[in-house]
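Welcome, and please load the model in your viewer. We will go from one selection to the next, with a short note at each stop.

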Amino acid sequence: MRLLILLILFIFLNKSNSLIIKQKQELKVGKLNNGFKLSNGLALTPPMGFNYWNFDECKTKLINETMMMNTAYAMSTNGMSKVGYEYVNLDDCWMAKTRDENGNLRPDPIRFPNGIKYLADYIHSLGLKFGIYGDIGSKTCKGYPGSEDYLEQDAKMFAEWGVDFVKMDGCNMQVSDMKKAYTDLGKYLQETGRPMVYSCSWPTYAYVENITMPFDYIEGICNLWREFQDIRDNFTEWTQILDEMEDSIPKRSQFAGPSHFNDPDMLEIGNGFENDIEYKSMFSLWSIIAAPLIAGNDIVTMSKETLEILINEEVIQVNQDPLGIQGNRVYKDQQLEVYQRQLINNSFAIVLFNRGDVDADITITSDMLNLTNHQNYIIRDLWTHTDNGTFSDTFTTSVQSHGIVMIKLSPKINSIHLPLKYRKNFVNKY
Ligand code: GLA
């Protein structure tokens, strides 16, 4: 009898696992386009790192070699690199106002007196990776040289410098020209032979101009694609981006997967205009929607509280789940929302989010989560780092105003004490 039950469980688990694998394979079909398919094997999970734009823009003299090196050093010693942050990225304003006599991009000589390769080498010496910013149009958004007529030359230069991540903005180019330009640059980057994560801003500009975006095309040529307006350190503004991600048609989550992710813009955590409750919400929601985790704050001077949010490993594990499935909002009742993400080993991450001005109870149910198998799940609170009972049909918890409760549901079956020879059939299926 015991063997029969085990057999039924085994068949059931195998079936649900192969269903997920099948879904992933289906997602991969149809990504070929124009003969070019990005196959750099990078960003299998959303990239994690740093970019100065959100705390500095180009306003101060802060953007320079020293700041970048100090940031990289801090990242390598403060616990961030240990939990997965690896890219240390430039943004706009790193360049000189003109190219050199050979048409090559060059850095601002005052901000980067030793050149870009020197900076990249230092970042690599810490075991980290280096990212650069460019623009596919005639000029960057702040008026520095664009790559429009120099795509191949710039791709080669990036590779020579030791770049590992390219954020290609889309100011100063017609949206109608972007398909070709982003495709060409992707090809040139790939032809250099140097693996570089390729982040494209094309959908941001298509969105602003209300132009339909071919997402099944862009997911074949870019590792990441920015969409919607620029983020601000303001609860109303970043939740608006979240709404745009959730409500836009076609549903953006269907285009995400290993090596190709939606990018709702960089983090604002620690930039000072929100409280830590709101910052925890942002971190949890960005994690559940499989967004890149690019810290946009001053890493060298940040508070202990900010660092603690950025290095919450249990939340990061959700963001970095190897299936790469983007979570979705599955419930909304005015200011109360629930997000769900399928994880490896038949587990789920759930965020209960209260956007309202007063604390409130939020209830999740198995119907809401489409968990119709009446399985029992262990509830793990990813911010208190404690187990919180078992979920079978409902779970209710109080959620602070502008706050979240983030939990992971893991099938109880995985922790059943099966004889060893059967146990391996139930875990590590992927
Ligand atoms: C655009 C991008 C930002 C930043 C600036 C730089 O606005 O969306 O993330 O890179 O350009 O000028």
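Start by selecting the ligand together with Asp-92: one of the ligand's oxygen atoms lies 2.7 Å from an N or O atom in that side chain. Keep in mind that you are looking at a predicted model.

Now add Asp-91, where the distance from a ligand oxygen atom to a side-chain N or O atom is 2.6 Å. Then bring in Arg-226, whose side chain places an N or O atom 3.0 Å from an oxygen atom of the ligand. With a surface switched on, see how much is hidden: on its own the ligand has 310 Å² of accessible area, and the protein covers 93% of it.

Next, widen the selection to the residues surrounding the ligand. Besides the three you already have, these include Trp-53, Tyr-133 and Cys-141, and also Lys-142, Lys-167, Asp-169 and Asp-230. Try colouring this shell by residue class: seven of its residues are charged, three are nonpolar and none is polar. If you display pockets, which one holds the ligand? Look in the second largest pocket, where the ligand sits.

For the last stop, move along the chain and select residues 377-381, strand β13, and residues 386-391, strand β14. The two strands pair in the antiparallel sense, with four bridges between them. Pick Ile-378 and you will find Thr-390 as its bridge partner in β14. Together β13 and β14 make a hairpin, with four residues separating the strands. Finish by clicking on His-385 in the turn and checking its backbone: phi is positive there, at about 60 degrees.

Conventions:
Residues numbered from 1 in each chain as written. Predicted model: local features only at pLDDT ≥ 70, side-chain atom pairs only at ≥ 80, totals over all residues. Heavy atoms only, no water. Pairing = 2+ DSSP bridges. Near = heavy atom within 4 Å. Polar contact = N/O pair within 3.5 Å; in protein donor to acceptor, adjacent residues only side chain to side chain. Areas by Shrake-Rupley, 256 points an atom, 1.4 Å probe, with all protein chains shown as cover. 1 Å grid on protein atoms, 1.4 Å probe; cavity = no way out; pocket = protein on both sides within 12 Å on 5 of 7 lines; lining within 4 Å. Sits in = over half its atoms within 2 Å of the grid points. Nonpolar A, V, L, I, M, F, W, Y, C, P; charged D, E, K, R; others polar.
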